[in-house]
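Here is a short briefing for a first look at this structure. Keep the sequence and the 3D view side by side as you read.

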Amino acid sequence: MTSGDYLPDEKAPERAEIDQMTGPVLVEFGTPWCGHCQAAQRDIVPLLAEHPEVRHVKVEDGPGRRLGRSFRVKLWPNLVFMKDGAVVRQLARPSAAEMREAFQALAAGAVAGAS
């Protein structure tokens, strides 16, 4: 999957599948036409390259999309950092520094409340 490819609703995993994933996972919600989502790629792509152990699931979001609603996504991009099915952090429209910190926390296995 390239940084521009969002899984459409019909190909997106179910929440139960996401919750059963082991290890570090980043679930990214957004759309290809969202300017904030496009701008965030300049930080997300290199961070993923620095952390090849993080599984990346990039899902197109929108009204009525069940997976996004299950994570209470309201703003894009919305990044959900998970480890072994538990949310480590959740960030909406994060800064580069917030993303870097979340990747480091995920790599370290630190569990903190969602924001």
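Start at Arg72, which sits in the loop between α3 and β3. The model is predicted. The chain holds 4 helices and 4 strands, and along the sequence they follow the pattern α-β-α-β-α-β-β-α. Its radius of gyration is 13 Å, close to the 13 Å that the globule rule gives for 115 residues, so the chain is as compact as a globular protein of that length.

**Overall build**

- The C-alpha trace spans about 35 × 30 × 25 Å along its principal axes.
- Of the 115 residues in the chain, 43% are buried.
- Take the contacts between residues at least 6 apart in sequence: 67% of them join residues at least 24 apart.
- The chain exposes about 6100 Å². Carbon and sulfur atoms supply 52% of that area.
- The chain carries 14 positive and 15 negative charges, and the mean positions of the two sets are 4 Å apart.

**Unusual backbone spots**

- Most residues other than glycine have a negative phi, and most peptide bonds are trans. The spots below depart from one or the other of these habits.
- Arg72 has a phi near 60°, a positive value in a residue other than glycine. Is Arg72 buried or exposed? Arg72 is exposed, with a relative accessible area of 71%.
- Arg93 is not a glycine either, yet its phi is positive, at about 45°. Arg93 lies in the loop between β4 (86-92) and α4 (96-108). Its relative accessibility is 41%, so Arg93 counts as partly exposed.
- The peptide bond from Trp76 to Pro77 is cis, with omega near -10°. Pro77 is found in the loop between α3 and β3 (78-83).

**The nonpolar cores**

- In soluble globular proteins, nonpolar side chains tend to be buried together.
- The largest nonpolar core has 17 residues. Which of its residues touch the most other members? They are Ile18, Val27, Phe29, Phe71 and Met82.
- β1 (24-30), β2 and β3 are the elements that give two or more residues to this core. The largest share, 3 residues, comes from β1.
- A second, separate core has 14 residues, including Leu79, Phe81, Ala102 and Leu106.

**Two members of the largest core**

- Setting aside residues up to four places away in sequence, Phe71 touches Arg15, Ile18, Phe29, Val80, Met82, Val87 and Gln90.
- Met82 lies in strand β3. With a relative accessible area of 1%, Met82 is buried.
- Beyond its neighbours within four places in sequence, Met82 is in contact with Ile18, Asp19, Gly23, Pro24, Val25, Val27, Phe71, Val87, Val88 and Leu106.
- Met82 and Gln20 are 62 residues apart along the chain, and their C-alpha atoms are separated by 10 Å.

**Two buried residues in one loop**

- Asp61 lies in the loop between β2 and α3. Gly62 is also placed in the loop between β2 (55-60) and α3 (66-70).
- Why does Asp61 count as buried? Buried means under 20% relative accessible area, and Asp61 has a value of 4%, so it is buried.
- Gly62 is buried as well, with a relative accessible area of 8%.
- Asp61 touches Phe29, Gly30, Thr31, Gly68, Arg69, Val73 and Trp76, with residues up to four places away in sequence left out.
- Counted in the same way, Gly62 touches Arg69 and Trp76.
- How far is Asp61 from Tyr6 in space? The two are 8.7 Å apart, C-alpha to C-alpha, and 55 residues apart in sequence.
- Gly62 and Trp76 are 14 residues apart along the chain, and 9.7 Å separates their C-alpha atoms.

**Links between the topics**

- Trp76 begins the cis peptide bond to Pro77. Trp76 is also touched by Asp61 and by Gly62.
- Phe29 is among the core residues that touch the most other members. Phe29 is touched by Phe71 and by Asp61.
- Leu106 belongs to the second core. Leu106 is also in contact with Met82, a residue of the largest core.

Key: Residues numbered from 1 in each chain as written. Predicted model: local features only at pLDDT ≥ 70, side-chain atom pairs only at ≥ 80, totals over all residues. Heavy atoms only, no water. Rg over C-alpha atoms; globule rule 2.2 N^0.38 Å. Buried < 20%, exposed > 50% of the residue type's maximum accessible area, 1.4 Å probe, protein only. Contact = heavy atoms within 4.5 Å. Areas by Shrake-Rupley, 256 points an atom, 1.4 Å probe, with all protein chains shown as cover. Lys, Arg positive; Asp, Glu negative; His and termini not counted. Charge placed at Lys NZ, Arg CZ, Asp CG, Glu CD. Core = buried A, V, L, I, M, F, W, Y, C linked by side-chain atoms within 4.5 Å.
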